[in-house]
Each structure stands twice: as C-alpha cells, then as structure tokens.
Amino acid sequence: MCGIIGYVSSGIDAENESTTAADGGTGDGRALPVLAEGLRNLEYRGYDSAGVALVEDDDLSVFKQAGVIDDLDLPDDHPATSGVGHTRWSTHGKPTDANAHPHTDCSGDIAVVHNGIIENYDDLRAELDDHEFTSETDTEVVPHLLEEELAARRRRASDGGQVGANADDVTPDGATADDATVADDQIGGVDLVEAVEAVVDRLSGSYAVAVTIAGREEVVVARQDSPLVLGVGEDANFVASDVTAFVEHTRDVVYLEDGDVARVTAGGVDVRSDGEYVERETKTVDWEAEAAEKGGYDHYMLKEIHEQPGALRQTLSGRIDEVGGDVDLELDLPESFLANVDEIQVVACGTSYHAGLYARRLLESFADVRVTVEVASEYEFQGGRDPWETLVVAVTQSGETADTLSAMRKAAKAGARTLAVTNTVGSTAAREADDALYIRAGPEIGVAATKTFAAQVTALSLFTVHVGRRRGTLTSERAGRLLENLRGLPGAVQQLLDASDRLEAVATEYVDEDAYFFVGRQLGSAVALEGALKLKEIAYVHAEGFPSGELKHGTLALVTENTPVLTVLTEGARPGETLNNVKEVESRGAPVIGFSSYDAAANYLDVEIPIPDLGVLEPLVANVGLQLFAYHVANELGRAIDKPRNLAKSVTVE
Ligand code: F6R
C-alpha cells in the first residue's frame, strides 16, 4: 500500500487570501505545499520513502528519497502549479532513494507515481531493453512504456495519422522514436489520456497511477484494483489515494472505478472508461480530516479489519500459477535445500505466533514436513537437529520484534538457514534473514494485528505449496485445490464483513460477562488463541483460548452461564469432535457462539455465524468474525481500541 497525490491549479495568486488552505480554499496555487501536506496526511499508507515531481513550463523537477516525508529535502519554495507526490510502502525493491517514486523515463520528462503491483513487469522490462532503468521497482516500466507510446503517437501524427508505427520508425525530421522527446510530442498534439490508456492496457495486476509531463498543466491517472479519488475544487483540482490527502481543500469528490482513466486540469476533471468519456457522480464528504484518514471508520482497527479482502488480494497478486498448481514467491532459498529439509522451525510472538500455529498444520498436511512452532522468547536451537537441514522461519509483521530477531540470530549462529515472513521491506528481520517472504498487507496502524494475521496465514499457505511442490510431496491437483481456496479467500472474508452488524449485535448482547472462552481444534485452535488474544488486548476482559479437547481437563470447572464460549466449527477444525465439547459447555448453561460451516452443530448454538465453504481456510475466515466480536465488545466498553493500555505496536525490547 502506498499513497499518491496529484494537484493542478490555475496559477499562483499569492494576494488572494481566500484561496489559502487555512481558509479551506484550494491553496494559493503553488503545488509544492499542497503535495507535501497531502503526503503527510497519507503517511499512514506507507512511510519508507517519499517524493514529488513538479512541473513548471517545460521543466520537470523530481525530489525523492528514502525515509519519512519530513526528512524529504524539498525546496523552500517552488513556482510549479502542478505535480504529483508519493509515499511508499515497498513491495518491489528496498526502500532506497533510487526506488522512491516518482519514477521517470529516459528523457526525464515523464514522471509516474504508482500504488499497487504490476505483475508482468519482468516481461515488460525485458521488452524495454534499450531503455535505461534506474530502480528495482515494478513501477518504472510505466514511464518507459509511456515514453515509447508517446513517441509512436507523435510519429503517427506527423505521418498524417498512419497507424502501426514502432520504435524503429524514423520520423520526418530523421529522429527515431527513441530520440523523440516529450517536448517534441507537444507539437504533435498527442493526447496524453489516450497514451496512458494504451499503456495501462498492457499492465496486469493492480495499479493506481498518476502521470505528469514536462510542458503540460495536467495530471493523468488510471485505476485498477487500487483506490483513487478526484477532488474537485474552485481554482484547483486534486487526485489522491484517498480524500485524507486533500480534504482540507475540498470535500467535493469523484470516486474512480476500476478501468477508469481521468485527466485532471485546473479547469476540471474528465473521466473515461473503455475509451469513452463517462459521467461519474460528484459526492460531498462530511468527514473531518482525522476521520478521513480512517476512511470514515471510528478506529484504524475497524478500518484494517475491513481492508482484509484488498490486503489478501495483494498478498496473492502475481504469485499463483494456476496452470501448474504451483506458486512463484521469488524466493532465493535453493530448491534442493527445501526438497530435503528435515525440519521447519517457526519462531514468532503473539499474533504472529498464532499464524505460525496455523501454518504448521498446513505445512505438515500439505508438504509432509516436520514443523515446530515456538514462542520466540523461549527459543533455543536445541540438540538432535542438523542445522544444515533445518529452516527457521521468523514470522514478524514489523520485522523488528526483539524476541523474534534474537531467536532468528540464535538459529543463524547454529548454522540454520533463516526466512523472514514479514510485512516490512527493509526491516531488520528482512535484512538479516537469508531470504524474505513479504506478506504485502500494507501498513497497520492499530496496535492489535488484524489484516496482517490474515496476510501472514495467506503468505504461509503459498509457502506451503512452494515447499510441498519442491519436496514432491504435494501433487499439482491437491495444490490446485488449496490455491483455489486461496483465490476464494478475499470474497469469503467479504461475506463475513457483510455480517458485521450481526456481530455488533452479538457483542452488545454478551458484553458484560465474567470471562470468555475460545475453543476449536487443529486450525481452529490456532484461531481460538488469536480470538482470545484480540479480546484481551483491546477489551481488557479475561479471555482464554485453547484446543476444545482440553476443556474437560480443567477449564470446564470455570464454565457457567456467564462465560460465553466462542467456537470454530469448520473444515480443518475437526467440527464433529469439537461439537462434543460444545455439548459439554452447553449442558452447563454457557452461551455458545459458533462460527460454523457444520450443519449438525446448529441445534447446540445460541448464535450461529455461518462460514462459507473454503476448505482449510474456513478457520481463517471465522477469525474475521472473532476480530469483529472483539472490536465491538471493546467499543461497547469504551476502550482505547487503537492504542490499548500498556501495549506497543512494535516490541523492540526482549
Ligand atoms: C497482537 C499483536 C502482537 C504482535 C507481536 C509480534 O495483536 O499485535 O501480539 O503480533 O508483538 O509482532 P510482530 O509480528 O511485529 O513481530
């Protein structure tokens, strides 16, 4: 997830106070302060590098570097009245100055910012072998493709409208397409919107792109599976990943749809779809800036719970090989090592530990490999293992958890190979591990991990296929079924989110109880632990999660009519045996809230939340229901949900 912004004004009007941001106007016409402020407002979407491109007549100036926006070295003042900006959350390429956006073409006249993942960038980059690339990003193919496209269009225009020009064609002035500059292109009167349409037609994956070009007072944008919203002002117009970026200037917005390409000028915004101009409704948002940052939700946690379908699509994007029943995770771990690996040891803390527990079952069942999962602060590289045939997987959202880093270092010291499964490109875990698998969930602001848990399990499911296929223990048919379930996951999660009101009502009904128990088996017990942790940390109530078979070995003594039992009755969670345990608590008067795809359970449940069919991923979908339950209980109790007492997002002490 990254944040992008674009701005075009009609000119500088320093005298006119009523157009300043402070007065709720659209600025005094200078692009730089509006872009910089917009990026600060978007920083929650990513903060590992930032940059802006400013257009002043025929000059395009780019300022970009690694680090947060406040570290960006910007001029004190700049006369440009249009430009684009970007704050990055790395997915391809480390957070370096070179990888920061905007990216430019060979001439330096075209600047592009992008949010999303361009899945076919390798192929496109290979095609552009005569272009000079300066970054490792997927994004950089876009300005170079556009450079080609504009040159070809300019040639066709000067050839009197002939179609079919290619890069080697010679223009009337004797230059090749590669020599053609964008400044020349102005003379040809080429339409930038049409050129952008042609370029985005060639991209697969997800993108929100904004393009600006030297000599043009316009920003052209395109959207596919990544958010973009236009802001309609009086003397200036805007575009951004969300309204947060410009809500202090205008509340009149146009939400773009997938496939839309739009031109933003000082005079207005035009939207096209399928090559035709279309009308998109202008809406007025009534959020304050802070609410806008939370997308209209009361808390980041709730926003992040609702972001899960999009986050999971990003986790999966470009990694599934449908035909071969395999995955492409761009891992450097040698295939021969994985084929013979003797044991996988997962080390992690808190929610990430629960993701590890989920992954253990998948790896054991699908990849037929021995797996242990250990709380990182307890880990030692124990005897009886051959370090050369052991893989230690550190699961850590932040990549900075001290306990997890310490466990990873112990493993590396013993001679084991290490893999970091993390959300944070360039984090200590990613840098120190032998290899990294990114979960691509985007920044998570709420202290309680939600979308990152789902993305961790999803990434580890892909890893399961990777290992199983390399070991020869997983057939392409069985891998194909798991991959099909993974493809269905975002939609299934959305179904649970659509039942959010119901879960709010359930939470309201059971808000004032003595304690809460969360039970399930196998994959269901990993989720039970996670459900209990969420409730404890944000609602400050007593909650315990454990395998349901353990109830009768002690905890049953605590079960009363004031201790709701939340249970996972789905595939992958041995629902038949779990139901026996449900009957034990039900007969002692405890209310039972079941997240269920198991029809036989219905008669024993006080509340049934249906879980769609999704094989071994059903418990992961049930977890979304547990997140919503925890959130609404905490909200009823008036807790500080995004910043629960005594807790921190990243725990950098052992
Ligand atoms: C719970 C939570 C924590 C983290 C734990 C590990 O909601 O967020 O339990 O999961 O501190 O953090 P990472 O994954 O960053 O290593």
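User: A disulfide is a pair of cysteine sulfur atoms within 2.5 Å. How many disulfides does the structure hold?

Analyst: The structure holds 0 disulfides. Before we go on, please note that this is a predicted model, where local features need pLDDT of at least 70 and side-chain atom pairs count only at pLDDT 80 or more, while totals for chains, interfaces and linings use all residues. Residues are numbered from 1 along each chain as its sequence is written, and side-chain values use heavy atoms, with hydrogens and water left out.

User: Why is Cys 106 called partly exposed?

Analyst: Three words share one scale: buried is under 20% relative accessible area, exposed is over 50%, and partly exposed is in between (1.4 Å probe, protein chains only). Cys 106 has 40%, so it is partly exposed. Cys 349, at 21%, is therefore partly exposed too.

User: What makes Asp 57 exposed, and what is its phi near?

Analyst: Asp 57 has a relative accessibility of 58%, so it counts as exposed. Its place is in the loop between strand S2 (49–56) and strand S3 (59–66); strands here are DSSP runs of E with at least two residues, helices are runs of H or I with at least four, and both are numbered from the N terminus. The phi of Asp 57 is near 50°, a positive value in a residue other than glycine.

User: Why does Tyr 540 count as partly exposed?

Analyst: Its relative accessibility is 22%, so partly exposed is the right label. Tyr 540 is in the loop between helix H16 (523–539) and strand S24 (543–547), and has a positive phi of about 55° although it is not a glycine.

User: Why is Ala 214 called buried?

Analyst: Ala 214 has a relative accessible area of 5%, so it is buried. It is found in the loop between strand S7 (205–213) and strand S8 (219–224). The C-alpha atoms of Ala 214 and Leu 54 are separated by 8.6 Å, although the two are 160 residues apart along the chain.

User: Why is helix H8 described as largely enclosed by the rest of the structure?

Analyst: Of the 9 residues of H8 (residues 308–316), 7 are buried, so the description fits. Among them are Pro 309, Ala 311 and Leu 312. After H8 comes Gly 318, whose phi is positive, near 70°.

User: How do you know that the charged end of Lys 294 sits over the ring of Tyr 300?

Analyst: The test asks for NZ of Lys or CZ of Arg within 6 Å of the ring centre and within 35 degrees of the ring normal. The charged end of Lys 294 sits over the Tyr 300 ring, 5.7 Å from its centre. Arg 417 sits likewise over the ring of Phe 337, 4.6 Å from the centre.

User: How many cavities does the search find, and which residues line the largest one?

Analyst: On a 1 Å grid over the protein atoms alone, a cavity is a set of points where a 1.4 Å probe fits but cannot get out, and lining residues have an atom within 4 Å of a point. The search finds 3 cavities of 30 Å³ or more. The largest holds about 60 Å³ of space, a volume being the space filled by probe spheres set on the points, which are joined across faces, edges and corners. Its lining includes Cys 2, Trp 89, His 101 and Asp 138.

User: Which kind of peptide bond runs from His 101 to Pro 102?

Analyst: That bond is cis, with omega near 0°. Pro 102 lies in the loop between strand S4 (82–88) and strand S5 (103–104).

Note on methods
On a 1 Å grid over the protein atoms alone, a cavity is a set of points where a 1.4 Å probe fits but cannot get out, and a pocket is an open set with protein on both sides within 12 Å along at least five of seven lines; lining residues have an atom within 4 Å of a point.
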